[in-house]
Amino acid sequence: MIGRMNIRDELEKRISAALTAAAAAVQPVPAIVSPAAKPEFGDYQANGVMAAAKAARMNPRALAAKVLEKLDLSDLAEKVEIAGPGFLNITLRTDLLARAATAAAADSRLGIAPAARPQRIVVDYSAPNLAKEMHVGHLRSTIIGDALVGVLEFLGHHIIRQNHVGDWGTQFGMLLAHLDELGEDAAGSELSDLEEFYRQAKKRFDEDPDFADKSRQFVVRLQSGDADCRRHWQKFIAVSLGHCQEVYARLNVRLMSADVRGESAYNADLPAVVEDLRRAGLLTESQGAQCVFLDEFKGEDDKPLPVIVQKSDGGYLYATTDLAAMRYRAGTLHVDRILYVMDHRQSLHLRQLFAVSLKAGFISPAVSLEHVAFGTMQGEDGRPFRTRAGGTVKLIELLDEAARRALEVVRAKSPEMPAEQADTIARVVGVGAVKYADLAMDRIGDYRFSFDKMLSLQGNTAPYMQYAYARIQSIFRKGAEEAAGLAGVPIMLNQPAERELAKRLGRLEEVLGSVAAECKPNVLTAYLYDLAGVFTTFYESCPVLKADSPEIRASRLRLCDLTARTIRLGLGLLGIEVVEQM
RNA sequence: GCGCCCGUAGCUCAGUAGGAUAGAGCGGCGGUUUCCUAAACCGCAGGUCACAGGUUCGAAUCCUGUCGGGCGUACCA
C-alpha cells in the first residue's frame with residue numbers, strides 16, 4: 001500500500017479536511033500542498049491556511065494552530081511546523097520514504113496506481129495533410145500528442161488515437177487537376193516525390209484562376225464518388241500514408257494505420273450534419289453559403305462571424321468535417337474527454353467548433369473539450385523554419401540530419417566504439433533530441449529549433465538524460481549483480497543525498513497526474529532533469545560499488561536501479577528511447 | 001478595428017492553484033579527476049519579471065490601461 005500512494009495527494013486530503021474543520025467552512029477548503037520551496041521548509045508545504053483565514057476572518061497563525069490540533073500526520077510526517085504568516089511546513093518520515101522507494105522498486109509500474117476513474121479519451125493529433133509529405137509543420141502535434149498518449153495510457157485511461165488526416169479537401173482537387181493535365185502516365189514517376197508534385201499543383205492553383213476552378217470541380221467530382229477520381233485519389237493516399245508510417249516509425253511514435261480516420265471517413269455524414277443544424281434552428285443562408293452564426297463570435301467591424309458548413313457551390317468544409325467527427329466521437333466512441341493537439345492558429349476554429357457542437361447537441365457538456373495548443377517552430381534565427389532555399393523542411397530529412405549530427409557527437413567522444421553501435425546510438429539520440437527539445441518547452445510559446453542546443457550534453461536535453469541513464473547502467477556492468485538479483489532488497493536512507501533522491505523518486509505519480517491534467521509534457525521533462533541532478537549529487541557523495549557494507553551497497557544499487565527505471569519510464573512515456581551505453 | 005496568445009539574466013528557456021530570498025542551461029570568470037563514464041560536478045558575476053496603475057497579509061502569476069511582438073478574423077485546412 002505504501003508504494004501505491006501519492007504523498008502530495010494524501011497530504012492534501014488530510015490537511016484539507018483538518019483545515020475545513022478548523023475554519024468551520026461549509027465547502028471543503030483546499031490545503032494547496034506543494035513541494036517545499038526550500039530545504040529549510042521541509043519536504044512539502046501547505047499554502048492554503050492564509051487564504052482560508054482570510055475567508056473566515058481569522059488570524060492565520062491561530063488557524064494554523066487549530067489545524068494542527070485536528071491533524072494527525074504521525075504516520076507520514078515526523079514534523080509539521082507553522083512558519084511565516086501561516087505556512088505549514090511538513091517534514092516526511094524518512095522510513096516512509098524508504099518504504100515507498102522499496103515498494104516502488106519492487107513494482108513493474110514503479111508504484112504508480114492506475115487511475116481510479118479511467119476515462120475514454122480521444123487524442124486528435126498529427127493529422128498531416130496527405131497531399132504532401134510530412135514536414136516540420138507536423139512535428140509538434142505529432143510529438144506532443146504522442147507524449148500525452150503515452151502518459152494518459154500509462155495512467156490507465158482508454159486512449160483512442162485519431163489521426164484526422166487531411167485526405168479530402170481542396171488540395172486533392174489541385175492534385176487531381178494537375179494529374180489530369182499531365183496525363184496519368186506522365187505523372188506516374190513524379191508521384192514518387194509527392195512534395196514536388198504538390199508544389200507544382202499549388203503554384204498553378206495560385207497563379208491560374210482557370211486551374212483553380214478546375215480544381216474545385218475535381219473536389220466536387222471526388223466527393224460525389226466519381227470512379228476515376230476515387231482511383232487516383234486512393235493512389236495519392238496510399239503513397240502518402242506510406243510516407244507517414246515511415247516517418248512515424250523513425251519518430252518512434254505510437255500512431256498506426258488503424259488510428260487513421262481521415263476527413264474522408266466523415267463524407268457520408270456531412271449532409272446529415274447540415275440537416276441536424278437546420279433542424280436545431282442554427283442554420284442561416286448567407287451569400288449562398290450555409291452558416292451558423294453565434295453571438296459570441298464577431299468578425300471585422302463587429303459583423304457576425306459565420307461558421308460556414310456548406311459552401312455556395314454545395315461543397316463542405318473542414319468545420320463540417322470536424323462537426324461530423326465530434327458527433328462520431330460522442331455517439332460512437334462515447335468519450336469523456338477530447339484533446340485537440342493543434343497549433344494555436346486553430347484556436348478560433350476550435351472555439352467555434354466546441355460552441356456549435358454544444359448548441360447543436362452533438363456533444364454533452366460533460367465531455368471535456370480541450371485545445372492543446374502550441375506555438376510555431378522557428379529556425380535558429382527566429383524566423384520561420386525553412387531550408388536555405390526557403391522551402392519547407394521534410395521531416396525525414398530533419399531526422400536524418402539529427403542522426404548525422406548525433407553521430408558526430410558520439411564518434412568524437414567514443415572513437416573506439418564499433419561503427420554499427422555508434423550508428424544505432426546516434427539514431428536514438430538524434431530522434432530523442434528532436435523530440436525532447438520540443439517537449440521540454442512550454443508548448444504554448446513559439447519554439448526556436450536548434451540542433452546545437454538539443455544535442456548538447458549540458459542542460460535539459462535528451463542526450464543529458466540518456467547519458468544519465470547510461471551512466472547508471474554502467475554501474476551494473478561494473479558490479480557483479482544483475483539489477484534483477486536485488487529483488488526484495490530494502491532501501492535505506494542514511495545519507496541526506498539518499499533521502500533527497502528517494503523523495504524525488506516518490507514524486508513521479510503526482511508529476512504524471514499533473515502532466516495528464518494540464519497536457520503539459522514539459523512538467524515531466526523538468527521532473528526528469530531535476531531527478532538526474534539529484535541523482536548526480538547522490539552519485540558523487542555516496543559510493544555505490546565501494547559502499548561500506550554489503551547492505552548499503554545493495555540498497556544503493558537498488559536506488560540506482562529505481563532511478564534508471566524512472567528515467568527510462570518517463571522518457572518512454574514521452575516516446576523517447578534510452579541507450580545502455582553512450 | 002475586434003479577438004486570442006506572448007513579453008522573465010547578454011542568449012535559449014523554466015517558474016505548477018497568488019506564497020517565503022524569481023531558477024536552469026549556454027556564454028564569461030574561477031575551481032574539482034589516487035574514486036562506479038570529467039560527455040560530469042562545484043562556485044562567482046549577471047534581474048525595475050515590457051511599462052503604469054489596481055486588488056491583498058503577500059503579485060512574474062489575478063484585474064484595467066499603455067507599449068512591443070506573433071497569430072487569427074466568410075466560402076483553404
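**Chat: chain A and RNA strand B**

Trainee: Let's start at the RNA. Which kind of atom in RNA strand B is 3.1 Å from a polar backbone atom of Met 582?

Mentor: A base nitrogen of RNA strand B sits at that 3.1 Å distance from the backbone atom of Met 582. Keep in mind that this is a predicted model.

Trainee: Noted! What about side chains, then: which part of RNA strand B does Gln 458 reach?

Mentor: A phosphate oxygen of RNA strand B is 2.9 Å from a polar atom in the Gln 458 side chain. Thr 170 has a partner too: an N or O atom in the side chain of Thr 170 lies 3.2 Å from a sugar or linking oxygen of the strand.

Trainee: How many residues surround RNA strand B overall, and which are the closest?

Mentor: There are 70 residues around RNA strand B, and the closest are Glu 263, Lys 311, Tyr 467, Ser 474 and Tyr 539. On the RNA side, 55% of the atoms within 4 Å of the protein belong to sugar or phosphate, with the rest in bases.

Trainee: Which element gives the largest share of that surface?

Mentor: Helix 17, residues 462–478, with eight residues.

Trainee: Back to Gln 458 for a second. What lies 2.9 Å from the backbone nitrogen of Gln 458?

Mentor: A polar atom of the Ser 456 side chain. Ser 456 is in the loop between helix 16 (451–454) and helix 17. Leaving out residues up to four places away in sequence, Ser 456 touches Thr 461, Pro 463 and Tyr 464.

Trainee: Pro 463 again, maybe? I was clicking on Val 429. What does Val 429 touch, not counting residues up to four places away in sequence?

Mentor: With that exclusion, the contacts of Val 429 are Ala 406, Leu 455, Pro 463, Gln 466 and Met 582. That brings us back to Met 582, whose backbone has the 3.1 Å pair with a base nitrogen of the RNA.

Trainee: Nice link. Where is Val 429, and is it buried or exposed?

Mentor: Val 429 is in helix 15, residues 419–439. Its relative accessibility is 4%, below the 20% cut-off, so Val 429 counts as buried. The C-alpha of Val 429 is also 8.6 Å from that of Leu 407, though the two are 22 residues apart along the chain.

Trainee: Changing topic: I was checking backbone torsions. What is phi of Asn 252 near?

Mentor: Near 60°, which is a positive value in a residue other than glycine. Most residues other than glycine have a negative phi. Asn 252 is in the loop between helix 10 (227–251) and helix 11 (270–279), and it is partly exposed at 32% relative accessible area.

Trainee: And what about phi of Cys 519?

Mentor: Cys 519 is not a glycine, yet its phi is positive, about 55°. It lies in the loop between helix 19 (508–518) and helix 20 (521–541). Cys 519 counts as buried, at 2% relative accessibility.

Trainee: Let's zoom out. How many helices and strands are in chain A?

Mentor: Chain A has 21 helices and 13 strands. Its C-alpha trace spans about 80 × 70 × 40 Å along the principal axes, and 53% of the 582 residues are buried.

Trainee: What about surface and charge in chain A?

Mentor: The accessible surface is about 25900 Å², and carbon and sulfur atoms hold 51% of that. For charge, chain A carries 70 positive and 76 negative side chains, with the centres of the two sets 4 Å apart.

Conventions
Residues are numbered from 1 along each chain as its sequence is written. Chains are lettered from A and ligands numbered from 1 in the order in which they are written. Side-chain values use heavy atoms; hydrogens and water are left out. Helices (H or I, at least four residues) and strands (E, at least two) are DSSP runs, numbered from the N terminus. Buried means under 20% relative accessible area, exposed over 50%, partly exposed in between (1.4 Å probe, protein chains only). Accessible areas come from the Shrake-Rupley method with a 1.4 Å probe; for residues, only the protein chains shown count as cover. Lys and Arg count as positive and Asp and Glu as negative; His and the chain ends are not counted. The place of a charge is taken as NZ of Lys, CZ of Arg, CG of Asp or CD of Glu. A residue is near a molecule or strand if one of its heavy atoms lies within 4 Å of it. A polar contact is a pair of N or O atoms within 3.5 Å; within protein, one must be able to donate a hydrogen and the other to accept it, and residues adjacent in sequence count only if both atoms are side-chain atoms. Contact means heavy atoms within 4.5 Å.
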